[in-house]
Amino acid sequence: MASALRRLGSAAARRGLSTACEDTKKSLFQLPQAGGKSSNLCSAINQALHIALESDPRSYLFGEDVSFGGVFRCTTGLADRYGKSRVFNTPLCEQGIVGFGIGLAAMGNRAIAEIQFADYIFPAFDQIVNEASKFRYRSGNQFNCGGLTIRAPYGAVGHGGHYHSQSPEAFFCHVPGIKVVIPRSPRQAKGLLLSCIRDPNPVVFFEPKAIEEVPEEDYMLPLSEAEVIREGSDITVVGWGAQLSIMEQACAGAEKEGISCELIDLKTLIPWDKETVEASVRKTGRLLISHEAPVTGGFGAEISASIVERCFLRLEAPVARICGLDTPFPLVFEPFYMPTKNKILDAIKATVNY
Amino acid sequence: MVLGRAFEDMCAQMYYRGKMFGFVHLYNGQEAVSTGFIKLLKKEDSAVSTYRDHVHALSKGVPAREVMSELFGKTTGCCRGQGGSMHMFSKEHNLLGGFAFIGEGIPVATGAAFSSKYRREVLGEADCDHVTLAFFGDGTCNNGQFYECLNLAALWKLPIIFVVENNLWAIGMSHMRATSDPQIWKKGPAFGMPGVHVDGMDVLKVREVAKEAIERARRGEGPTLVECETYRFRGHSLADPDELRDPAEKAHYAARDPITALKKYMIENNLAKEAELKTIEKKIDEVVEDAVEFADESPQPPRSQLLDNVFADPKGFGIGPDGRYRCEDPKFTEGTAHV
């Protein structure tokens, strides 16, 4: 941990603004060996935040209820360790929280804003779309709010109902100028969050609400690089976040029936890694995308259109999308709404047997 | 008030037994505000609430059976099980919801108030003096929507009363630390409407203030901002361990329990005897038990209800690849969904 920090520290000393991080070495982007403690997603995020606040004295964390630890306990211990001037609660005003974060970032600080649930991000949508994404562009690179990272837990929890379960990533993927990152597991979350915080662009980071071993060091994972987490030859299956664990089960089920699935975790939604997905589809000839958000206008549509453009002659079956239904997120009907393992398995079989 | 308290306590029991799920926010301690205001309303007056809306629904007249069924997610609930704890709606009783998002209900209430004023002044329905009550908490008073609506209501002199249930805490955020001027009632005059502060633990005082505010609105004199100082005895929701609040503060407010205070007042002033009050409590217990039984026995909603009411046209999902309306295709909801 000390050596990683020293490397980071020396790079930091050469920079004026705390948001510039162009010359981080490639080696920092490798996942350290397994051998950490078992933690859930929230403690992994907590570790990442500790490291971020430690390594940069001009980073600030704020949002609703962050000082006592937050409703998901992602921010425990931070206010005690780094002081109330760097880790503080805000009143209940999402638009204000994000706008304020943009201002902080524009002045060269790292602002980590927490939105309590992704469903509450909509009042801040205006600030993100109209201000954060366009800041660097319209000031001719005089100002930028790259130091802004907005974190929000998203996705279904089983009983959240309309306003504690939404997956709003598609709305943000339509905005040029920001990045959207979604980790699938605690280990990924820590590395990706650190990359997002240190990335010189504003990032919206959605955290699935899910246990895994997380290394204790400071490590970053590269943005805009998809990861093939399971190799296969019959069909490419693409997803992100919490949905991946469901998809892994479906892939295991498909394997029992003799279908070999290649499972890809996109990790960063915009800008997304088209090359990796394209290379995989060229190998298999079939594609299936799955996400919790409603199917119409979801990010799966973008992936499908781009891959069809690139691999039209190679495709052996239509691109399948197994997603949430086009209704508001239901309360009692959640199991019917969700793209479950069986729905995905059925679609894999249908696509392979097209 | 007693119904509200008994109902909420039963909710907690049911939740821990797994009959109810989701995010449930209980109203214990704040009953005086709901009773004090809503009991003065006519059936045609509207009320808009927050996620802490069970007791507002009960006060407005929604039967306990329907509220309990809604909480259990059954088809006999007031919203047919679609809304759950945080979204209680009732057309019959003019309860415009239950909003999970703070502050979202206030503009809706403002619109409802406008419509009643319009009916009276433009359409000439002279007997239409319906008022709207908007309930929300102290945390909401730092949100943009609140201020926008105060301005609109005062500008257009709408028959609306903004009731702030200041229970000092927004989950774990103390009102004192979140607000530049914690005295919310002062924000009324800034927008040109009267701002009143009242002890929200005393139902008679609340009723007095409410009476005046509602009369004002009915006469067409415009909105009022009422700040009720109250307290919630339980945590923010049933998932909240409630560790942050000072036990001394909790004890202070527990001593001012509105139900106990009213009981004492009634007995001291010979308005009722102990025995009578005990009978009322017993009756309430029966009502709540009956509500639970009814909810238990009610059927779960059918799968096809998932697609209902997304659009006005229930067939609004278009035609599927097989030429039939999608929502009629059993595979659309059944599929191989594993429950």
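How much area is buried between chain A and chain B, and what share of it do carbon and sulfur atoms give? About 3100 Å² is buried between the two chains, and carbon and sulfur atoms give 73% of it. Buried area here is the accessible area (1.4 Å probe) that two parts lose on being put together, summed over both.

A word on ground rules. This is a predicted model, where local features need pLDDT of at least 70 and side-chain atom pairs count only at pLDDT 80 or more, while totals for chains, interfaces and linings use all residues. Residues are numbered from 1 along each chain as its sequence is written, chains are lettered from A and ligands numbered from 1 in the order in which they are written, and side-chain values use heavy atoms, with hydrogens and water left out.

**The interface**

Chain A brings 36 residues to the contact and chain B brings 40 residues, with contact meaning heavy atoms within 4.5 Å. On the chain A side, Leu92(A), Phe333(A) and Phe336(A) lose the most area to chain B, together 22% of what that side buries. Helices α12 (334-337) and α13 (341-352) of chain A each supply at least two residues of the side that touches chain B. Sorted by class, that side of chain A has 19 nonpolar, 10 polar and seven charged residues. For that sorting, Ala, Val, Leu, Ile, Met, Phe, Trp, Tyr, Cys and Pro count as nonpolar, Asp, Glu, Lys and Arg as charged, and the others, Gly among them, as polar.

As for salt bridges (a side-chain nitrogen of Lys or Arg within 4 Å of a carboxyl oxygen of Asp or Glu), the rule finds zero across the interface of chain A and chain B. Four residue pairs are in polar contact there, both at pLDDT 80 or more. A polar contact is a pair of N or O atoms within 3.5 Å; within protein, one must be able to donate a hydrogen and the other to accept it, and residues adjacent in sequence count only if both atoms are side-chain atoms.

**Two sheets in chain A**

Helices (H or I, at least four residues) and strands (E, at least two) are DSSP runs, numbered from the N terminus, and two strands pair if DSSP finds at least two bridges between them. Axes are lines fitted to C-alpha atoms, for helices over the stretch in contact, and angles run from 0 to 180 degrees between N-to-C directions.

Seven strands of chain A make an open, mixed sheet in the order β3-β2-β4-β5-β7-β6-β12. Its edges are β3 (87-89) and β12 (268-270) of chain A, and the twist averages 20° from one strand to the next. Strands β2(A) and β3(A) pair in the parallel sense over three bridges, and Gly63(A) has Asn89(A) as its bridge partner in β3(A).

Another open sheet of chain A, also mixed, has five strands in the order β9-β11-β10-β13-β14. Here β9 (227-230) and β14 (320-324) of chain A are the edges, with a twist averaging 25° from one strand to the next.

These helices of chain A pack on the sheets:

| Helix | Strands touched | Angle |
|---|---|---|
| α4(A) (94-106) | β2, β3, β4, β5 of chain A | about 175° to β2(A) |
| α8(A) (186-198) | β4, β5, β6, β7 of chain A | about 165° to β7(A) |
| α11(A) (299-311) | β10, β13, β14 of chain A | about 155° to β13(A) |

**Local details**

Over all chains, the search finds 40 salt bridges. One of them joins the side chains of Glu278(A) and Arg282(A) (3.3 Å, N to O). The two are separated by about one helical turn because they sit four residues apart in α10(A).
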